[in-house]
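Here is a short tour for anyone who likes to see how side chains and strands fit together. Have the model open as you read, and follow along at your own pace.

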Amino acid sequence: MVRIGIVDDEADARRQISEAIERFAAEKNLEFEVRSYSGAGAYLADKDNLFDILYLDIDMPGMSGMELAATIRQTDQSLVIIFCTNLQQFAVNGYEVSALGFLVKPIEWYPFQLYLERALKAVAVRTRLRSKSGKRIVVKDGAASRVVDVANLACIEVRKHNLLYVVRDRASGREAVLQSRGSMRDLAAELTPYGFARCSASFLVNLNYVTAVNGADVYLGERVLPIGRTYKDSFKREFARHLVTQDWEAPHP
């Protein structure tokens with residue numbers, strides 16, 4: 001079932017969007033799970049804020065909708081975001097957070113259904129790609145639960161009982177670090193089938209991000225991690241296997 005979130009500090013706006021979703025569902029014979037929030041803080045505090053589509057107001061007290069969208073994009077590039085606002089002058093900023101589009105308040109039925117149809121198509125495409133490309137995990141970073149594609153995980157570090165997830169945007173190269181409680185042993189067992197290997201007791205590495213292995217160091221771009229003595233042979237063996245499976249282009253003479 002498609003999950004839809006609504007974040008708006010105005011109760012009337014939340015109700016209007018909810019009623020429009022209900023009308024769309026009735027006319028199309030569909031079912032949605034809908035949840036509303038009175039602001040960014042309430043959304044981030046919900047550990048179950050995992051949605052396919054998010055209707056997001058811009059002008060809200062505290063954290064604005066644009067700031068919330070930027071926060072979301074640090075760990076989730078696939079959530080479909082639709083801004084609902086009377087601040088049309090900010091429409092161009094929506095491209096910075098890959099928003100699907102803008103609905104101007106008060107919301108009219110025709111553009112609403114048009115954008116929801118587009119959003120559902122985007123969700124369907126994402127679902128097909130996800131089924132082919134791989135695994136996603138939920139990282140409980142403080143009060144928030146973040147959905148992370150393992151393909152975007154460069155490495156994970158354990159410090160005492162905390163796991164630090166380094167999430168990298170491959171397009172921009174920017175990184176975000178999420179912190180959660182957990183067991184490195186359990187996480188390694190879960191992610192090893194997806195191309196991860198431990199280079200030390202403290203680090204689990206996504207082999208797709210490894211750019212070099214030199215002596216007792218493994219390089220992930222500019223990030224350099226140590227290879228522990230206990231894990232040296234097993235890590236280099238897994239990295240060698242990884243290299244064999246890649247479709248490398250032959251070097252030019």
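Does Ser18 count as buried or exposed? The model is a predicted one, and in it Ser18 has a relative accessibility of 17%, so this residue counts as buried, the cut-off being under 20%. Ser18 sits in helix α1. Apart from neighbours within four places in sequence, Ser18 is in contact with Ile6, Val34 and Ser36.

## Strand β1 and its surroundings

Ile6, one of those contacts of Ser18, brings us to strand β1. In β1, 6 of the 6 residues are buried, so the strand is largely enclosed by the rest of the structure. In a regular strand the side chains alternate between the two faces of the sheet. For β1, one side carries Val2, Ile4 and Ile6, the other carries Arg3, Gly5 and Val7, and every one of these residues is buried.

Which strands does β1 pair with? One partner is β2 (residues 32–37), which runs parallel to β1 and is joined to it by 6 bridges. Another is β3, also in the parallel sense, over 4 bridges. Gly5 is a handy residue for seeing both pairings: its bridge partner in β2 is Arg35, while in β3 it stands opposite Leu54. Strands of a sheet pair through backbone hydrogen bonds, either parallel or antiparallel. Together with helix α1, strands β1 and β2 make a β-α-β unit, and this unit is right-handed.

Ile4 is a good place to pause within strand β1. Its relative accessibility is 0%, so Ile4 counts as buried. Leaving out residues up to four places away in sequence, Ile4 touches Ile21, Phe32, Glu33, Val34, Arg35, Phe51, Ile53, Tyr55 and Leu116. Phe51 is 47 residues from Ile4 along the chain, yet their C-alpha atoms are separated by 5.6 Å.

## Salt bridges

Now to the charged side chains. The model has 16 salt bridges by the rule of a side-chain nitrogen of Lys or Arg within 4 Å of a carboxyl oxygen of Asp or Glu. The table gives three of these pairs.

| Pair | N to O distance |
|---|---|
| Lys105 and Glu10 | 3.7 Å |
| Asp57 and Lys105 | 3.4 Å |
| Asp12 and Arg15 | 2.5 Å |

Lys105 appears in two rows, so let us take its partners in turn. The salt bridge between Lys105 and Glu10 links distant parts of the chain: Lys105 belongs to the loop between β5 (101–104) and α4 (109–133), Glu10 to the loop between β1 (2–7) and α1 (11–28), and their positions lie 95 residues apart in the numbering. Lys105 is buried at a relative accessible area of 17%, whereas Glu10 is partly exposed at 39%.

The salt bridge of Lys105 with Asp57 ties together parts that are 48 residues apart in sequence, because Asp57 lies in the loop between β3 (53–56) and α3 (65–73) and Lys105 in the loop between β5 and α4. Here both residues, Asp57 and Lys105, are buried.

The pair of Asp12 and Arg15 is a local one in helix α1, with 3 residues from one to the other, about one turn of the helix. Asp12 has 52% relative accessibility and counts as exposed, while Arg15 is partly exposed at 44%.

Salt bridges also join into a network, which links Arg3, Glu33, Arg35, Asp46 and Asp48. Two of its members are already familiar: Arg3 is among the buried residues of β1, and Arg35 is the bridge partner of Gly5 in β2.

## The antiparallel sheet

How many strands form the open sheet, and in what order? There are 5, arranged as β10-β9-β8-β12-β11 with antiparallel pairing. At the edges are β10 (175–181) and β11 (196–198), each of which pairs on one side only. From one strand to the next, the twist averages 20°.

Within this sheet, β9 (residues 162–168) and β10 pair in the antiparallel sense over 7 bridges. Arg168 has Glu175 as its bridge partner in β10. Helix α5 (residues 184–191) lies across β8 (153–159), β9, β11 and β12 (203–206), and runs at about 160° to β8.

Note on methods
Residues numbered from 1 in each chain as written. Predicted model: local features only at pLDDT ≥ 70, side-chain atom pairs only at ≥ 80, totals over all residues. Heavy atoms only, no water. Buried < 20%, exposed > 50% of the residue type's maximum accessible area, 1.4 Å probe, protein only. Contact = heavy atoms within 4.5 Å. Pairing = 2+ DSSP bridges. Right-handed = clockwise from strand over helix to strand, strands pointing away. Axes fitted to C-alpha atoms, helices over the stretch in contact; angles between N-to-C directions.
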